[in-house]
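Reader: I have a chain open here and would like to talk through its charged side chains, if you can spare a moment.
Author: Gladly; let us look at the model together.
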Amino acid sequence: KKAGWGTFSIGYESLEGDGSRGFSTPLATLHAFNGFADVFLNTPADGLKDIYLKAVLPLIDGVSTTIFYHEFESESGSVDYGREYDFVLGYMFNKNLSCTAKLALFEGDNKPDISRFFLQLDGKF
């Protein structure tokens, strides 16, 4: 059973750098931002601009999918860092147990390519 068209959004994030150090948030949950490949856990010295598209698409009852596309470049200068594709698939077994799979594919222009896969099981008690 399909559940509608889903939602689509576009976003822009800019983190400054001064040429020797990038913006830092040492107590933040960084995996939630700038792609799931975790290439930018530390902001580059020239900063980071992240332009992204997000689509949340319903599949069948209990199953959800989210797709991200990120385009990364420096905040100062014109360095193209690369792009990333993120895919998230979630399944609710019941109200207390769910599973999430994430696939991150980073294609670097000035950084190495990275692929990561995460599998997570969540329980509520």
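Reader: Is Asp-109 buried or exposed, or somewhere in between?
Author: Asp-109 is partly exposed, with a relative accessible area of 39%, where buried means under 20%, exposed over 50% and partly exposed in between, using a 1.4 Å probe and protein chains only. This is a predicted model, in which local features need pLDDT of at least 70 and side-chain atom pairs count only at pLDDT 80 or more, while totals for chains, interfaces and linings use all residues. Residues are numbered from 1 along each chain as its sequence is written, and side-chain values use heavy atoms, leaving out hydrogens and water.
Reader: And which residue forms a salt bridge with Asp-109?
Author: Arg-83 does, with the closest N and O atoms 2.9 Å apart; a salt bridge here is a side-chain nitrogen of Lys or Arg within 4 Å of a carboxyl oxygen of Asp or Glu. Arg-83 is in strand β4 and Asp-109 in the loop between β5 and β6, 26 residues apart. Salt bridges with shared partners join Asp-80, Arg-83, Glu-107 and Asp-109 into one network.
Reader: How far apart are the closest N and O atoms of Arg-83 and Glu-107?
Author: They are 3.9 Å apart. Arg-83 counts as buried at 17% relative accessibility, whereas Glu-107 is partly exposed at 35%.
Reader: Changing topic, how many salt bridges does the structure hold?
Author: Five, and one of them pairs Lys-49 with Glu-73, their closest N and O atoms being 3.1 Å apart.

How values were computed: Helices (H or I, at least four residues) and strands (E, at least two) are DSSP runs, numbered from the N terminus.
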